[in-house]
Amino acid sequence: MADSDGSVEQKFSLREVLDTFRQCLSENKEVYLQHYVSGWRGLVKFLNSLGSVFSFISKDAVNKIQILVNHQNGENGGHYITVQSMVKYELENGLVDLTKRGGHPESGCRTLLRLHRALRWLELFLERLRTSNEDSKTSVMCADAYNESLAQHHPWVVRKAAGVAFCVLPGRQAFFEVMNVGPPEQVVAMLGEALPLISEVYQITEELYSHHNMLDLP
Ligand SMILES: CCCCCCCC/C=C\CCCCCCCC(=O)N[C@@H](COP(=O)(O)O)[C@H](O)/C=C/CCCCCCCCCCCCC
């Protein structure tokens, strides 16, 4: 549908995000980068619909998505099909800054690690949403999930800004409406479908990064 300014409306759909995370895993449990990035694109649509307070977060996510897309579309794009092939290629060719930032500030590995950490936040947040009740506050659920995950990797100023943004999150009912799924029971059911997929993608990536000692890339 076109907006009044002629731009194409980009409505968030939880179903679409669920489908992209379903497509993420290959038969032998490799993570397809293209679908991983599409999943994040879908989530950013949701974030954008929440208002400009969140734009510093969505800008960072979009920037990281774009770095990964550039790798996929670049001359070595054939190595950026799965997270596993990307890790292998970048490590074998010395394209990752392993201990301090240097010549490869935009490696696929360090960029994906930032989104991977955010995926843990998402998993924790969605699980809280799924098991929440009408009186639960999205701001509290979001902050708790953040403090348990991403916050450990952010400096004070980012944690403060994130905390301010969480305070203006819409309430649970409005939040569920933006998901475009239907009544709350259907949202809860779909979250129950989405969570194991997100969790599996997270676990596989976590093990891969841990195996290569890359969970703290600068
Ligand atoms: C299913 C629908 C309901 C949930 C929808 C959630 C939608 C969330 C969409 C996007 C999440 C944003 C992901 C942010 C990635 C952050 C990556 C990161 O950690 N970047 C920092 C480090 O990067 P480098 O400097 O090392 O390159 C960077 O400093 C961060 C800057 C921005 C602040 C990030 C705060 C993240 C807060 C967590 C997301 C809150 C979203 C709330 C909306 C419900």
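Q: Which helices each supply at least two residues of the shell around the ligand?
A: In this predicted model, they are α2, α3, α5, α6 (138-147) and α7 (156-167). The largest share, 6 residues, comes from α5.

Q: How many residues surround the ligand, and which are the closest?
A: The shell has 26 residues. D60, K64, R110, R114 and H154 are the closest. To count, a residue needs a heavy atom within 4 Å of the ligand.

Q: What makes the approach of D60 to the ligand a polar contact?
A: A polar side-chain atom of D60 lies 2.8 Å from a nitrogen atom of the ligand. The cut-off is 3.5 Å between N or O atoms. The pair therefore qualifies as a polar contact.

Q: What are the distances from oxygen atoms of the ligand to the side chains of R114 and H154?
A: For R114, an N or O atom of the side chain is 3.0 Å from a ligand oxygen. For H154, the distance from a side-chain N or O atom to a ligand oxygen is 2.7 Å. Both pairs meet the 3.5 Å limit, so both are polar contacts.

Q: What part of the ligand's own exposed area does the protein bury?
A: The ligand taken alone exposes 960 Å², and the protein buries 90% of that. The space taken by the ligand is the largest pocket.

Q: Why is S139 called buried?
A: S139 lies in helix α6. Its relative accessible area is 19%. Buried means under 20%, so S139 is buried. Setting aside residues up to four places away in sequence, S139 touches F166, C167 and L169.

Q: Why is V157 called exposed?
A: V157 is found in helix α7. Its relative accessible area is 54%. Exposed means over 50%, so V157 is exposed. The C-alpha atoms of V157 and E27 are separated by 42 Å, with the two residues 130 apart along the chain.

Q: Why is S26 called buried?
A: S26 has a relative accessible area of 10%. The cut-off for buried is under 20%, so S26 is buried. S26 is found in the loop between α1 and α2.

Q: What makes the link between S26 and N28 a polar contact?
A: The two side chains are joined at 2.6 Å. The limit is 3.5 Å, so the pair counts as a polar contact.

Q: Where is K29, and why is K29 called partly exposed?
A: K29 is in the loop between α1 (14-23) and α2. Its relative accessibility is 42%. Partly exposed covers values between the 20% and 50% cut-offs, so K29 is partly exposed. Phi of K29 is near 65°, a positive value in a residue other than glycine.

Q: Why is N180 called partly exposed?
A: N180 has a relative accessible area of 38%. That value falls between 20% and 50%, so N180 is partly exposed. N180 is found in the loop between α8 (172-178) and α9. Its phi is positive, about 55°, although N180 is not a glycine.

Q: Which residues of helix α4 are buried, and which helices do they pack against?
A: The buried residues of α4 (83-92) are V83, Q84, M86, V87, Y89 and E90. They pack against α2 (33-48), α3 (55-73), α5 (108-130) and α9 (184-211).

Q: Which residue just after α4 takes a positive phi?
A: G94 does, with phi of about 60°.

Notes: Residues numbered from 1 in each chain as written. Predicted model: local features only at pLDDT ≥ 70, side-chain atom pairs only at ≥ 80, totals over all residues. Heavy atoms only, no water. Buried < 20%, exposed > 50% of the residue type's maximum accessible area, 1.4 Å probe, protein only. Helix = DSSP H or I, 4+ residues; strand = E, 2+ residues; numbered from the N terminus. Contact = heavy atoms within 4.5 Å. Polar contact = N/O pair within 3.5 Å; in protein donor to acceptor, adjacent residues only side chain to side chain. Areas by Shrake-Rupley, 256 points an atom, 1.4 Å probe, with all protein chains shown as cover. 1 Å grid on protein atoms, 1.4 Å probe; cavity = no way out; pocket = protein on both sides within 12 Å on 5 of 7 lines; lining within 4 Å. Sits in = over half its atoms within 2 Å of the grid points.
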